[in-house]
Amino acid sequence: MEKDKNSKTSKAIDLENSNLLLTPKDIADYNPKWLINGFAESNKLISLYAMPGSGKSLTALYLAVYMLENKVIKKVIYVDMDNGLGTLKNRGLEQILNKYEGQLKYISSAKKAKKDIDPKTLIFSLSETANESHKDTLIIFDSIRNFISGSMSYDDVVMPTLDQLQKMRDYYAGVWFLNHQSKQDFTGENNKAYKGATAFFDSCDEAYFVKKRERKENILIVTLEPMKQRDDTQPQAVIINTANLSLEFNDYAFYSMNEKQSVALEYAKNIIKDYPNGINLKNLTAEIKRMAKFDEVEICGIHAIKNLLKQFDGKFYKIISNDIKNFLTFYPL
């Protein structure tokens, strides 16, 4: 019988002698490091996602600059196919490029020049040439929708690109990509869901939900909440100052509060100041509720208040526990 011309000859696979077989030495020789403690480890594929206008691009840029400043990486390549020159100017990019000349390479579709890069094939090309020379380089893609051909809603469409990003991850100090969220409903509560196929979430090592908390003049405050954790990462709050090109990490618990929690904490701080000899938890929560009722403002529920108060022990006041009766007493610092 004539063999089907379209059939392929199967080659026996010897898994036990595969080139991909791990040895103890392979693992011993790999030494991952934190690029930013508790936030980003080396050789990781990380996604930052948020609603448009939430500051994720600015946050990614300043996190990269923070790593350059602390000399944990030697180079950043930021490939931006999303933002215009006006936006980049407002972010202080001109000053950043001057300060980190040679260390920060910023590729922008906003530049008026002949396009010698095809975003749809760029990641595949970079993956083919990835090697150990990139081990001190962080590369960022903003935003991922600009680098994918076809609908972002289907795994079979986005997976080839994500596979190449995973391949790059093993050679670069880090590979980050930015993503958007779908429109939210009328309730005002963000569902923290990313936009597109499930593969965007499944393929990355870490995914951070970025939320803008405050924007005033040159200051942007955002929180970054880990929605997928393969490592011992922690939620972060960062304060970005575009006037002096700085980024600092701050208290996530404080900046992640909603309005009702914030009001309750402010009442607690003011009440405790008036009790140098201490006030117990029961009386403190009762006084918080009384003041809120008098001022006709909404605060969180009693159980939420109790959990909230414990988070700020040693920051705005100190808490001493009576082990016998398990009473908590609050004192001014």
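This report describes selected strands, helices and single residues of one protein structure. The model is predicted.

**Strand S3 and its partners**

Strand S3 comprises residues 45-50, and six of its six residues are buried. Both of its faces are covered: Leu45, Ser47 and Tyr49 lie on one side, while Ile46, Leu48 and Ala50 lie on the other. In general, the strands of a sheet pair through backbone hydrogen bonds, in either a parallel or an antiparallel manner. S3 runs parallel to strand S7 (residues 174-180), to which six bridges join it. Within this pair, Tyr49 stands opposite Asn179 of S7. S3 also pairs with strand S8 (residues 206-216), again in the parallel sense, over four bridges. Here Ile46 has Glu206 of S8 as its bridge partner.

**Two buried residues: Ala199 and Asp205**

Ala199 belongs to helix H7 (residues 199-203). Asp205 is situated in the loop between H7 and S8. Are these residues buried or exposed? A residue counts as buried when its relative accessible area is under 20%. Ala199 has a relative accessible area of 2% and is therefore buried. Asp205, at 5% relative accessibility, is likewise counted as buried.

Leaving aside residues up to four places away in sequence, Ala199 touches Asp155, Val158, Met159 and Leu162. The C-alpha atoms of Ala199 and Asp163 are separated by 9.9 Å, and these two residues stand 36 residues apart along the chain. With the same kind of sequence neighbours excluded, the contacts of Asp205 include Asn43, Lys44 and Leu45, as well as Arg169. Lys228, Gln229 and Arg230 are also touched by Asp205. In addition, the side chains of Asp205 and Arg169 make a polar contact at 3.2 Å.

**Helices H9 and H11**

Helix H9 has 15 residues and reaches 22 Å from its first C-alpha to its last, which is close to the 21 Å expected at 1.5 Å a residue. At the start of H9, a side-chain oxygen of Asn258 comes to within 3.2 Å of the backbone nitrogen of Lys260. In helix H11 (residues 302-311), the buried residues are Ile305, Leu308 and Leu309. Seen down the axis of H11, these buried residues fall within an arc of 100°, so they line one face of the helix.

The table sets out the buried residues of the two helices and what packs against them.

| Helix | Buried residues | Packing partners |
|---|---|---|
| H9 (259-273) | Val263, Ala264, Leu265, Tyr267, Ala268, Lys269, Ile271, Ile272 | H8 (252-255), S12, H10, H11, S13, S14 |
| H11 (302-311) | Ile305, Leu308, Leu309 | including H9 (259-273), H10 (281-295), S13 (317-322), S14 (327-332) |

**The sheet beside H11**

Strands S12, S14 and S13 form, in that order, an open sheet of three strands with antiparallel pairing. Why do S12 and S13 each have one side without a neighbour in the sheet? S12 (279-280) and S13 stand at the edges, each with a single partner strand, so one side of each is left without a neighbour in the sheet. Two bridges join S12 to S14, and these strands run antiparallel. In this pair, Ile279 stands opposite Phe330 of S14. H11 packs on the sheet, where H11 touches S13 and S14. The direction of H11 makes about 110° with that of S13.

How values were computed:
Residues are numbered from 1 along each chain as its sequence is written. This is a predicted model: local features need pLDDT of at least 70, side-chain atom pairs count only at pLDDT 80 or more; totals for chains, interfaces and linings use all residues. Side-chain values use heavy atoms; hydrogens and water are left out. Buried means under 20% relative accessible area, exposed over 50%, partly exposed in between (1.4 Å probe, protein chains only). Two strands pair if DSSP finds at least two bridges between them. Contact means heavy atoms within 4.5 Å. The arc is that of the directions from the helix axis to the C-beta atoms. Axes are lines fitted to C-alpha atoms, for helices over the stretch in contact, and angles run from 0 to 180 degrees between N-to-C directions. The expected span of a helix is 1.5 Å times one less than its number of residues. A polar contact is a pair of N or O atoms within 3.5 Å; within protein, one must be able to donate a hydrogen and the other to accept it, and residues adjacent in sequence count only if both atoms are side-chain atoms.
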